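Here is a short tour for a reader who is new to this structure. Keep the sequence and the 3D view open while reading.

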Amino acid sequence: MSDQTTAHREELLAVFDREMREHARSDGPGVRVERTGDVVRQAGAAHDWNGVVWSSPDLDAARADAAIAAQVAHCVERGYDEFEWKLYAHDRPADLGARLLAAGFEAEEPETLLVAPVADLPTEVVLPDGVRLRTVRDEADVELMARAHEQAFGSDRTRLRQQVLARLTEDPDHFVGVLAMAGEEPVSSARMELYPGTGFAGLWGGGTVEAWRGRGVYRALIAFRARIAAERGFRYLQVDATEDSRPILQRLGFTALTTTTPYIHRPAS
């Protein structure tokens, strides 16, 4: 990696850390962003994403366990069935992941944080025959989106349905839902969260049902959302990518900045 490439990556990561983590904004109606001690967390209803988005680079071994214990107590107090500490590879102290495990958190699969300037991304939508894209407009569309997500990822759609319905009805200006339809069947779905005041838009979802994989649907969903982000004046697109989507995104112009691992706390019932 050249010095210029390294400098570019470090600059993008610094912007992301500042805008999207340390000075995070709420990502939904009824959700608060709270700075408490050495961490910034998001707190909302049970169906919202709740967790730590940033921890101070000055967090050291002497304070880390207390910071973790305070977030566990917050999770229990609020009655969350799960609470996430979103740990990035450059977060400190270096053994923060091990400390989270010792406190009862469970580590899920790491993902790669990728960021791209919107102006550098292709926005031409190229679809396989028989597939069309359209935005999510109503409750029936939300159900189609949730069905596609469940079939693609094999995960329960209840929480996603609740989150998308809330965004669509209460904060539609900062949310875009997209369906890929083959006839009347959803074959993929994706979301874009628009974070006002940051310059960033986040891409989520994009899972495609097995029969339609490898035909360009995922790339079309990226281009469709990149075009909307450009029209609305956002500078960057951000993705937490699995190993399936990371190579596609890098070919499209995204830069891998670091890895992020969800550490999940689920209070004992």
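Is R21 buried or exposed? R21 is buried, because its relative accessible area is 2%. That value, like the others here, comes from a predicted model.

## Salt bridges

Side chains of opposite charge can pair when their charged atoms come close. A search of the whole structure finds 24 salt bridges. Three of them are set out below.

| Pair | N to O distance |
|---|---|
| R21 and D17 | 3.1 Å |
| E22 and R35 | 3.8 Å |
| K86 and D240 | 2.9 Å |

Start with R21 and D17. Both lie in helix α1, which spans residues 3–22. Four residues separate them, about one turn of the helix. D17 counts as buried, because its relative accessibility is 16% and the cut-off is under 20%.

Next come E22 and R35, joined by a salt bridge. E22 lies in helix α1 and R35 in strand β1 (residues 32–36), so the pair ties together parts that are 13 residues apart in sequence. E22 is partly exposed, with a relative accessible area of 28%. R35 is exposed, at 52%.

The third salt bridge joins K86 and D240. This pair links distant parts of the chain. K86 sits in strand β4 (residues 83–88) and D240 in strand β11 (residues 236–241), 154 residues apart. Both K86 and D240 are buried. Elsewhere, salt bridges that share partners form one network. Its members are D81, E82, E106, E108, R159 and R266.

## A helix pair

Two packed helices are described by the angle between their axes and the distance between the axes. Helix α4 covers residues 139–153, and helix α5 covers residues 158–170. They pack at an angle of about 145°, and their axes are 9 Å apart. The crossing of α4 past α5 is right-handed. Which residues of α4 and α5 make the contact? From α4 come E139, V142, E143, M145, A146 and H149. From α5 come L160, R161, V164, L165 and L168. By type, the contact has seven nonpolar residues, one polar and three charged.

## Nonpolar cores

The largest nonpolar core has 35 residues. Seven of them touch the most other members: L133, M192, L203, I222, L237, L249 and F254. Several elements give two or more residues to this core. The strands are β6 (111–117), β7 (131–135), β8 (175–182), β9 (185–195), β10 (200–208) and β11. The helices are α6 (217–231) and α7 (246–252). Which element gives the largest share? That is α6, with nine residues.

Look at F254 in the 3D view. Leaving aside neighbours within four places in sequence, F254 is in contact with L114, V115, A116, L121, L203, I222, L237, V239 and L249. Another core lies apart from the largest one. This other core has 17 residues, among them L59, C75, F83 and Y263.

## Three single residues

The contacts in this part leave aside neighbours within four places in sequence.

T258 is in strand β12, residues 255–265. T258 is buried, with a relative accessible area of 13%. The contacts of T258 are L13, Y88, A89, H90, E111, T112 and L113.

E19 belongs to helix α1. Its relative accessible area is 18%, so E19 is buried. How far apart are the C-alpha atoms of E19 and G197? They are separated by 8.5 Å, although the two residues are 178 residues apart along the chain. G197 is also one of the contacts of E19, along with A24, R25, T198 and F200.

T135 is found in strand β7. T135 is partly exposed, with a relative accessible area of 32%. D141, V176, G177, V178 and F224 are in contact with T135. T135 and A116 are 19 residues apart in sequence. In space they are 23 Å apart, C-alpha to C-alpha.

Definitions and conventions. Residues numbered from 1 in each chain as written. Predicted model: local features only at pLDDT ≥ 70, side-chain atom pairs only at ≥ 80, totals over all residues. Heavy atoms only, no water. Axes fitted to C-alpha atoms, helices over the stretch in contact; angles between N-to-C directions. Left-handed = near helix turned anticlockwise from the far one by under 90°. Contact = heavy atoms within 4.5 Å. Nonpolar A, V, L, I, M, F, W, Y, C, P; charged D, E, K, R; others polar. Salt bridge = Lys/Arg side-chain N within 4 Å of Asp/Glu carboxyl O. Buried < 20%, exposed > 50% of the residue type's maximum accessible area, 1.4 Å probe, protein only. Core = buried A, V, L, I, M, F, W, Y, C linked by side-chain atoms within 4.5 Å.
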